[in-house]
Amino acid sequence: MARESNWGIALRRLWETFPEGVRESVAGRLLRSCYRSRAGHLLRGGYRLARRLREHPALPGNGSRITVPHLEVHITHKCNLSCEGCLHFTNHRHEGTLSAAELRKTMALWNTRLIPRSFAILGGEPCMHRELVDIVYLTRKMWPHPRTRIELVTNGLLLHLHPGLPQALVDTETELAISVHSDAATAPKYQEKLSRGLELARKWEREHGISLNVGDSFNEWSLGYKGSGAGIMPFEDGDPRKSWDHCVTGQECFQLFEDHLWKCAPAAYLRLQDRKYDLSEKWNPYLQYRPLGPECSDREIAEFFKRKSEPVCGMCPSNPQTFFKRNPLLPVRFYKTPPSVAPAEGLTQSAG
């Protein structure tokens, strides 16, 4: 069976949000038949062709740069939450922060060669960076193309530390994306802190006109590795293609890290985990992954972003399962106990 495209998945999910009565009505059946018809295929093909033509290097404003789907950069590896199974490993209290000057140097290696459709400033928790406002301005300066959508991804708990942030977001047309990591029943104290951050963000939205997106990051939480700390282990299900087909990062989690381009967050930041904990030799095949360096050719860039499954994908599950995530304010030591042994509500009470 042919694999469903991202475009098809998005349309299907949108269609499923309509009530069943609407989908089964005369109008609904007509829309469905149009989508499946030859005319529908031609329209979708025309859209894809138009997008490729619009992004062609010969088009004015593109220069010789290559359009890529998405890039992310950690401006800090520090995080104030301890989300179990974080795919960026920042739940393990890693250190490391990029200064604005260092970030400029890293971006300058790639911004004359790439046009990302979207670029994410994240961590860790980016609001833990003292130069966050300057970095928001810098990011738009380094990626000025109007087709590049920039977003600042944060857990929203520390927005109050940056009073100049709303104006920076408006000036640079940067979206504020807040990830919600638990619900009130599981983590009431977390929700209390989050409510203050959301209230401030919505005030910025009303008074400054920022673009705000609040997303759920707990209802469909999946593990990309087993265990915690020095004891983490890869899944090794033996089917890298299937792992990529069901990628827990969404397949377009490309990272800009240590001046190189990386396929995904787990492949990039696994090195942080190894440097801190000296991981099991089970991780050696995945630590041998080689990112793309700035000395690469344009052909290598194109091949990098078109590449699908690779051996490194084998460290992630081929059939990821969602699970009940615990309180993201818990101390890291609690994650040494498997979720099945320590019920979330008991740990929530112990968190203080």
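Gln-251 lies in the loop that runs between helix H9 (240–245) and strand S6 (255–257). In this predicted model, Gln-251 has a relative accessible area of 15%, and because the limit for a buried residue is under 20%, Gln-251 counts as buried. The side chain of Gln-251 is in contact with the backbone: it reaches the oxygen of Trp-244 at 2.7 Å.

The aromatic residues come next. Across the whole structure, a search finds nine aromatic pairs. One of them is formed by Trp-262 and Tyr-289, with 6.0 Å from centre to centre and 35° between the planes, a tilted arrangement. Trp-262 belongs to strand S7 (residues 260–262), while Tyr-289 sits in the loop between helix H11 (284–287) and helix H12 (298–306), so the pair ties together parts that are 27 residues apart in sequence. Both partners can be checked for burial. Trp-262 is buried, at a relative accessible area of 3%, and Tyr-289 is buried too, at 7%. Trp-262 and Tyr-289 also belong to one aromatic cluster, together with Phe-257 and Tyr-269.

Aromatic rings also meet charged side chains. Lys-325 places its charged end over the ring of Trp-221, 3.6 Å from the ring centre. The charged end of Lys-226 sits over the ring of Phe-235, and here the distance to the centre is 5.3 Å. Both distances fall within the 6 Å that the criterion for a charge over a ring allows.

Another buried position is found in strand S2 (residues 114–122), which contains Pro-116. The relative accessibility of Pro-116 is 0%, so this residue counts as buried. Which separation do the C-alpha atoms of Pro-116 and His-145 have? They are 8.8 Å apart, although the two residues are separated by 29 residues along the chain.

The surface offers a contrasting case. Leu-14, Phe-18 and Val-22 form a nonpolar patch there, and their accessible area together is about 260 Å². Val-22 is part of helix H2 (residues 20–23). Is Val-22 buried, exposed or partly exposed? Its relative accessible area is 38%. Since buried means under 20% and exposed means over 50%, Val-22 is partly exposed. The value of 38% also meets the requirement of over 30% for membership in a patch.

Notes:
Residues are numbered from 1 along each chain as its sequence is written. This is a predicted model: local features need pLDDT of at least 70, side-chain atom pairs count only at pLDDT 80 or more; totals for chains, interfaces and linings use all residues. Side-chain values use heavy atoms; hydrogens and water are left out. Patches are made of residues with over 30% relative accessible area and no salt bridge: like charges are joined within 9 Å, nonpolar side chains (Val, Leu, Ile, Met, Phe, Trp, Tyr) within 5 Å. Accessible areas come from the Shrake-Rupley method with a 1.4 Å probe; for residues, only the protein chains shown count as cover. A salt bridge is a side-chain nitrogen of Lys or Arg within 4 Å of a carboxyl oxygen of Asp or Glu. Helices (H or I, at least four residues) and strands (E, at least two) are DSSP runs, numbered from the N terminus. Buried means under 20% relative accessible area, exposed over 50%, partly exposed in between (1.4 Å probe, protein chains only). A polar contact is a pair of N or O atoms within 3.5 Å; within protein, one must be able to donate a hydrogen and the other to accept it, and residues adjacent in sequence count only if both atoms are side-chain atoms. Rings of Phe, Tyr and Trp (its six-membered ring) pair if their centres lie within 6.5 Å; planes under 30 degrees apart count as stacked, over 60 as edge-to-face and the rest as tilted. A charge sits over a ring if NZ of Lys or CZ of Arg is within 6 Å of the ring centre and within 35 degrees of the ring normal.
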